[in-house]
Amino acid sequence: MLRIAGDAAEDEIRSLHAWLLLDRIVRRQASVEMGSSSPPVSGQQGAVLDLISLVLSNGISAASLGVSIASWRATRPQEPTITVERPDGSKVTITGSSRDEAQRLVEQLLGEQQ
């Protein structure tokens, strides 16, 4: 799961979602869906989208996903803080990191540290 914090979280999640869908490797090897970490509030049209749920196949490498996330962050005017979380609850938060450091953190979390 990928989460983005901040006032522009929904816009950033939409941007990252579109970016991941444009990545051929990610698109072929993962199911990428936007979602919300909180239930909808009564009287509102829907919950704020603030996360991306990823179901990864065995064929995708952590390096591929790390490169895609780090590349997307580099395109943003202010690189957003992004938290990558595994189903077991282990997570890493990437903030103010260089592109290489962001990629390394994702790889480390997903168990493919080089």
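Let's start with a pair of helices: α3 (residues 62-75) packs with α4 (residues 99-109) at an angle of about 145°, and their axes lie 8 Å apart. The two cross in a right-handed sense. Keep in mind as you look around that this is a predicted model.

Which residues make up the meeting of α3 and α4? On the α3 side you will find A62, A63, G66, V67, I69, A70, S71 and R73, and they meet R99, A102, Q103, V106 and E107 of α4. By character, the residues of this contact divide into 7 nonpolar, 3 polar and 3 charged.

From the helices, let's move to the sheet. It is open and built from 5 strands, ordered β2-β3-β1-β4-β5, with antiparallel pairing. At its edges sit β2 (30-35) and β5 (91-94), each of which pairs on one side only. On average, neighbouring strands of the sheet are turned by 20° against each other, with direction ignored.

Now zoom in on one pairing within the sheet. Strand β1 (residues 2-4) runs antiparallel to strand β3 (residues 51-56), and 2 bridges join them. In one example, R3 has L51 of β3 as its bridge partner. Helix α4 comes back into view here, since it packs on the sheet and touches both β4 (82-85) and β5. The direction of α4 makes about 175° with that of β5.

Finally, a word on confidence. The protein chain has an average pLDDT of 83, and 90% of the residues score at least 70. Among the elements of the chain, helix α1 (residues 9-22) has the highest mean pLDDT, 93, while α4 has the lowest, 81.

Note on methods:
Residues are numbered from 1 along each chain as its sequence is written. This is a predicted model: local features need pLDDT of at least 70, side-chain atom pairs count only at pLDDT 80 or more; totals for chains, interfaces and linings use all residues. Side-chain values use heavy atoms; hydrogens and water are left out. Axes are lines fitted to C-alpha atoms, for helices over the stretch in contact, and angles run from 0 to 180 degrees between N-to-C directions. Helices (H or I, at least four residues) and strands (E, at least two) are DSSP runs, numbered from the N terminus. A crossing is left-handed if the near helix is turned anticlockwise from the far one by less than a right angle, and right-handed if clockwise. Contact means heavy atoms within 4.5 Å. Ala, Val, Leu, Ile, Met, Phe, Trp, Tyr, Cys and Pro count as nonpolar, Asp, Glu, Lys and Arg as charged, and the others, Gly among them, as polar. pLDDT is the predictor's confidence in each residue, from 0 to 100. Two strands pair if DSSP finds at least two bridges between them.
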